There are 4 protein chains.
Amino acid sequence: MLAANPPMGWNSWDCYGASVDENTVRQNAAYMAEHLKPYGWEYIVVDIQWYQPTAKTHEYEPFAPLHMDANGRLYPAVNRFPSSADGAGFKPLADYVHSLGLKFGIHIMRGLPRMAAHNHLPIADSSLNCAQAALSQSVCQWNPDMYGLRCSEEIRGENPGRAYYASIFRLYAQWGVDFVKCDDIAREYPQCEKEIEIISEACRHCGRDIVLSLSPGPAPVERAEHLKAYANMWRITDDFWDQWDLLRKMFERAEKWCIHAGPGHWPDADMLPLGALRQDYSQDDWTHFTPDEQKTMMTLWCMMRSPLMLGCEMTKLDEPTLALITNRDVLDIEKTTYCGHPLYTTDTASLWIAPERCGNGLYVALFNLSDCALQGCVTEDSLERPVTRARELWTGQSCSGSLQAHIAPHGCCVWRIE
Amino acid sequence: MLAANPPMGWNSWDCYGASVDENTVRQNAAYMAEHLKPYGWEYIVVDIQWYQPTAKTHEYEPFAPLHMDANGRLYPAVNRFPSSADGAGFKPLADYVHSLGLKFGIHIMRGLPRMAAHNHLPIADSSLNCAQAALSQSVCQWNPDMYGLRCSEEIRGENPGRAYYASIFRLYAQWGVDFVKCDDIAREYPQCEKEIEIISEACRHCGRDIVLSLSPGPAPVERAEHLKAYANMWRITDDFWDQWDLLRKMFERAEKWCIHAGPGHWPDADMLPLGALRQDYSQDDWTHFTPDEQKTMMTLWCMMRSPLMLGCEMTKLDEPTLALITNRDVLDIEKTTYCGHPLYTTDTASLWIAPERCGNGLYVALFNLSDCALQGCVTEDSLERPVTRARELWTGQSCSGSLQAHIAPHGCCVWRIE
Amino acid sequence: MLAANPPMGWNSWDCYGASVDENTVRQNAAYMAEHLKPYGWEYIVVDIQWYQPTAKTHEYEPFAPLHMDANGRLYPAVNRFPSSADGAGFKPLADYVHSLGLKFGIHIMRGLPRMAAHNHLPIADSSLNCAQAALSQSVCQWNPDMYGLRCSEEIRGENPGRAYYASIFRLYAQWGVDFVKCDDIAREYPQCEKEIEIISEACRHCGRDIVLSLSPGPAPVERAEHLKAYANMWRITDDFWDQWDLLRKMFERAEKWCIHAGPGHWPDADMLPLGALRQDYSQDDWTHFTPDEQKTMMTLWCMMRSPLMLGCEMTKLDEPTLALITNRDVLDIEKTTYCGHPLYTTDTASLWIAPERCGNGLYVALFNLSDCALQGCVTEDSLERPVTRARELWTGQSCSGSLQAHIAPHGCCVWRIE
Amino acid sequence: MLAANPPMGWNSWDCYGASVDENTVRQNAAYMAEHLKPYGWEYIVVDIQWYQPTAKTHEYEPFAPLHMDANGRLYPAVNRFPSSADGAGFKPLADYVHSLGLKFGIHIMRGLPRMAAHNHLPIADSSLNCAQAALSQSVCQWNPDMYGLRCSEEIRGENPGRAYYASIFRLYAQWGVDFVKCDDIAREYPQCEKEIEIISEACRHCGRDIVLSLSPGPAPVERAEHLKAYANMWRITDDFWDQWDLLRKMFERAEKWCIHAGPGHWPDADMLPLGALRQDYSQDDWTHFTPDEQKTMMTLWCMMRSPLMLGCEMTKLDEPTLALITNRDVLDIEKTTYCGHPLYTTDTASLWIAPERCGNGLYVALFNLSDCALQGCVTEDSLERPVTRARELWTGQSCSGSLQAHIAPHGCCVWRIE
């Protein structure tokens, strides 16, 4: 089963924005293969604008030339991804990533390049052209490159949106892509509902297992069953960054979405802004999260079984951050539990539980949401079961009976009850 | 712990509306003690208007005289509850219910009787009077009897709402009341937030364990933590009756509320309209739910751990209904699980799971929400665990591997996986 | 025709709140007859709570005793209105007011006294009683005395609301009432729509010409035609007091309502808080409006043809205020124009015009809405007519061609163009 | 003063949609000059898509080639407007129209052609290019051709939107354009507020008097003062066609907007769908309005002083329609009145008045909005003036006292009272 557990990997956005290049991807893939693969980290994802020769930093450039083939399909900018020369596309880079035992992913925008429509380029293996598939008024509010597609009507017996999306996913399968993050689509209900279905269908029929991830958030929780049916993961908030207020608000989203996490379909709390970030702006931009906040983030993501995508330049990881993302006890929560949910969330604290699926264990996480230290206590009554033996997973300390802890501001404890 | 499990019992409303009398209560209590107590059924609750001598059927009579004492506290109408004569109140009836090994509950409306305010009656054990405690514009939209109370300000150092509510809960403690269903308050956020707190406080300080239940629904899920802090159960929908569309819609409410069920605080899906109902209108008004719908209702209420309150005239219970409400395997779900929630709910089906707290069991319920028969299947993949052995709890049939079932329209299956 | 021009008079509220008494009414009536009648001022209106013996200041007293007859009709409190003793009601006071050549008005609340319903008092000349006519949940949000009436259904062939309202208007006709200000009704659309119709019908059929005024505002402009059909005047804002921000906002309301002013039906900008106000609180509480603001208020009310109701203790009027309210040139605008409306309203200024109905005159008012002095100019182009001769009505200065003026902050000029 | 009275003319849309050609324009201009000019009709306006060589019927063609110069300014398609060849633009056609004593207008879309942005064409007389001026996400929801402009920020000291709009209005001034109908802008508040200001400024500074008309509607009445400040006319509804329900609804719009009509700024009820329409689809598509409805439309437009723009193929005008649009008495209302507004509008009828500005006349129009004949009556009381002598303007009949009329369904009478 595809995405039987929440995907874990690395994405270039938090570090390199629109300007990531092949070298960077290779060095991060190599690092992951050597240091993180044993812990389950496996996806290497190239984020937005890989087809734009002039891309710089996190900003978008309107009316920039984009590298595409004669069928209006975007190709990596050769100046940034040299191995893609001569029409090779991402195949050489994907091959390299696969050679490390990892998986390769790319970002795409909903739709097709505007100039492919204006130039009436033919769609590969179709009688239709890009001008027929594109909707002139369906444009992204924050990115200037694409037109959305006509997915709800046919022209001469063919669905133009399906024709185009099938043409690109066939190409991605040839390249060896394992993961597609499709953007400008997840919070765009109800307009994009049909387009999501067509993309999902193109993905599932392309001849290769490709995880489909939808962005940006917040996706509407009212459409949870639609998302579960057509995507493997989807964002539940707008872009997440290293600010406490955003992490604080994630508890509300997590509460709404937690019951929808399950094999093959995962609500996604977005990338983990840990370690060295924003490398396109500065060499020294380390995460603004305190160590306690980082622990809280990792714990919440695991308790809700969110996908885990690192946002940092991995080769700059320090020891504490490395320890944080390679704690097997905590990462196990992602793979062995179900039904994770909050028992309560107040202004100052949140208590989550997640039962083990096989075995009788129970994970309990107590978060301090306040700006003051918290003397926390979780009674056996509130858990409705005795606590014969428990172990805190970040410190390794054992206890029994009520779970008691002194928790720093914005910090947390997480126990495994046997 | 009070209400450590979801309360189970009987309430007079579905059968007798505003006109229930002592005889009826006694005969139903006797029946419960003899036939249902072993299965956990224990509360006998007298619903609205017990203080109105002229009450008939389910309708309210504006400006009717209400029986009250010199302190504006309502007393049972002696013509309907003869044992309450001479100021005895509900004590004799409560004593009788207790003598059967059961618990006794009453319904109250938020506020105090309007005439107690107009007559400026003094509040018991207080320097204030009912005119000071009542808010002249705080009236119920569907019942004509009461004024809501002034709970957010003090008069001469005393909170008038607290003074009155304390006076009635002290009386209820003397009577031996074990359960109070307070009405016109649960969907009235944010106006009634403070009044809920004051009532809760009066209840907890009255000197007797009294379960506090809030009506009507829908209570706002955004205020879940407030409800969990101040009430033992609260309605999540408007009045529930024996109509499929209402049962169908309960799945949406149940999905929103399920994570908030826990010891001492239970989202309440309302009374079970089974068996002989509406006896004030007709002797022959049997539930309109089909047997399959009844099974679906019982199963959903148990999977979400809703309180269970019978609405029928129990002495008229037939064998199939009796079997339905005395299935120990199904009722065990209420007492032994946690984290019950839907894996999905589509237009045609809903799949719920609920893990056992102690032990490694898992309950799985598959509901057919459509009007056609459903050939259902639950894979081990979707449950994320192997199914070595499972038993369907309504039929007793065993199976292993995928759970498979032919389910009638509006019906369900519920398995226990060992 | 009743209210062929906008009514002009005095109302006791701004000065005396709920506590006005007979002496005060008589002294103000006498003053008006002597000093203001020649300028068109004629109504003397007794505002709210005249039936409450214990009323004081502007506050309402919940559950206070109200003076009523055996048919649930309110009567003046004899301690406050001695001439009403022995069941005379307001007749002696109305007779006195009429003897001065003036007209007499009273305030009523929508509905009937709550205790008349609780006591099931019979309605005069009807087979129904007050408990049948009252709606137990129809209560005013700011006054504790009344229940609204059942006007949309019949009981035994009789409309209970009509029965009660007919009974009180017949009484008012006997007393000699010329004006009724009915409260808790004008902003209460759509709930009160039918009740307005029934009250209007009772008023028109009571055997005496009674102007019907509806409060409080804002009445909804979407229901303008309904108001024009059933009332003679209605409030277009919430209570208006002597604050510049309220006066500033009246320009928006006036713009929306101006086209609905016409013979028999007048949008009402509320009482004029000029001179000595709030006499129940203090002997020295003079209007907080500056002289310029007072001029602006008078001018706007006249240009939009609002009714004019003085709110002050008239016997304390000083010379400047007296001049303000006895400027015949300005008051003529109320009686001789039509189609008054703004040409524009910006953040800093508003320009209104109002043509004479008979004759070729045009009134032009330029308001300075800013906190700075304004050098204003109105061109012939913008008026679409030549300005051969014009006269400013507050100063008497004449000019021709463009209208030019230096206007103080919050002040205005108003010209008559011949 | 520009547009001192509401503009009157002809527009090609209702007849020819996107496909009007030079021949058609010339023949209609010639007709107008000969038959309608004496009555005040003077504008000849070429509507949308004159720059698209492939345009047909009323539909838009996505990604069609548009005729533009090297500065991204649209030019007439030479195949449709032969006289525009060799870069002459509309000058020859405008010259012809002027030679007839008429005025020439064109339609434009907000923004610049998308391909001008993608091709980074330089803006005439500016250091900026079209890619810098265009906003990639600002696209029209119903037309595929343009990008809206960046008007709220500067690049190197220059406002890019202003640079482009100045460049096109200078060109229009050279061509001899007298009227610009700018589309995709009037109902687009608040997003387009700044763009409206920049366009208005470009129009006023281009060196020629050009009337600025904004479409489509409904423009928001809350922004009336902004519209009055920056445009000469603006649409108050979505496209108006020959359907009674649209005409019926215009009464509501007219009521809201009437007080904002004045010299230089006119709320626009849209083109008059009279006579031969939709000539691009069919040679025989005559207006669906009955003669009574046509009269009602003409009367309402005049009473509210809306601009009058014929939508028909004028050379096919029949006698009754010609009579309708050349009734001098009715057309005079547009030029001689002010303050026109409804006295009331009910489900069945609407009564409007409009006073003469110079002189003592009053126009009174009574509309029958119902599907039955109406026996109408307008009393002197309701007009607040005596009716010594009146004349109905469509029939010429005189009367005095009350105005009485039998009015056909959807018809009207309009009187001039001397």
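This passage looks at how the chains of a predicted model are arranged and at some of the salt bridges in it.

Start with the chains. Laying chain A on chain B takes a turn of 180° and a shift of 0.0 Å along the axis, and the RMSD comes out at 0.0 Å. That is what a two-fold axis gives. Both copies use the same surface, with 100% of the contact residues of chain A recurring in chain B. Other pairs stay apart: chain A and chain C share no contact, and their closest C-alpha atoms are 33 Å from each other. Chain B and chain D do not touch either, again with 33 Å between the nearest C-alpha atoms.

Now for the charged pairs. Over all chains, the search turns up 104 salt bridges. One of them sits within chain A, where A:Arg26 and A:Glu22 pair at 2.9 Å, N to O. These two residues are 4 apart in helix α2 (residues 22-36), so about one helical turn separates them. A:Glu22 is buried at 5% relative accessibility, whereas A:Arg26 is partly exposed at 26%. Chain A also holds a network of salt bridges linking A:Arg110, A:Asp184 and A:Glu195.

Between chains C and D, D:Glu384 is worth a look. Its salt bridge with C:Arg305 has the closest N and O atoms 2.8 Å apart. C:Arg305 comes from the loop between α10 (291-303) and β10 (308-310) of chain C, and D:Glu384 from the loop between α13 (380-383) and β15 (390-392) of chain D, so this pair joins two chains. D:Glu384 also meets C:Arg357 in a salt bridge, at 3.4 Å, N to O. That pair crosses between chains too, with C:Arg357 in the loop between β12 (349-355) and β13 (362-368). The residues involved are buried: C:Arg305 at 3% relative accessible area, C:Arg357 at 10% and D:Glu384 at 15%.

Methods
Residues numbered from 1 in each chain as written. Chains lettered and ligands numbered in written order. Predicted model: local features only at pLDDT ≥ 70, side-chain atom pairs only at ≥ 80, totals over all residues. Heavy atoms only, no water. Contact = heavy atoms within 4.5 Å. Least-squares fit on C-alpha atoms with pLDDT ≥ 70 in both. Salt bridge = Lys/Arg side-chain N within 4 Å of Asp/Glu carboxyl O. Buried < 20%, exposed > 50% of the residue type's maximum accessible area, 1.4 Å probe, protein only.
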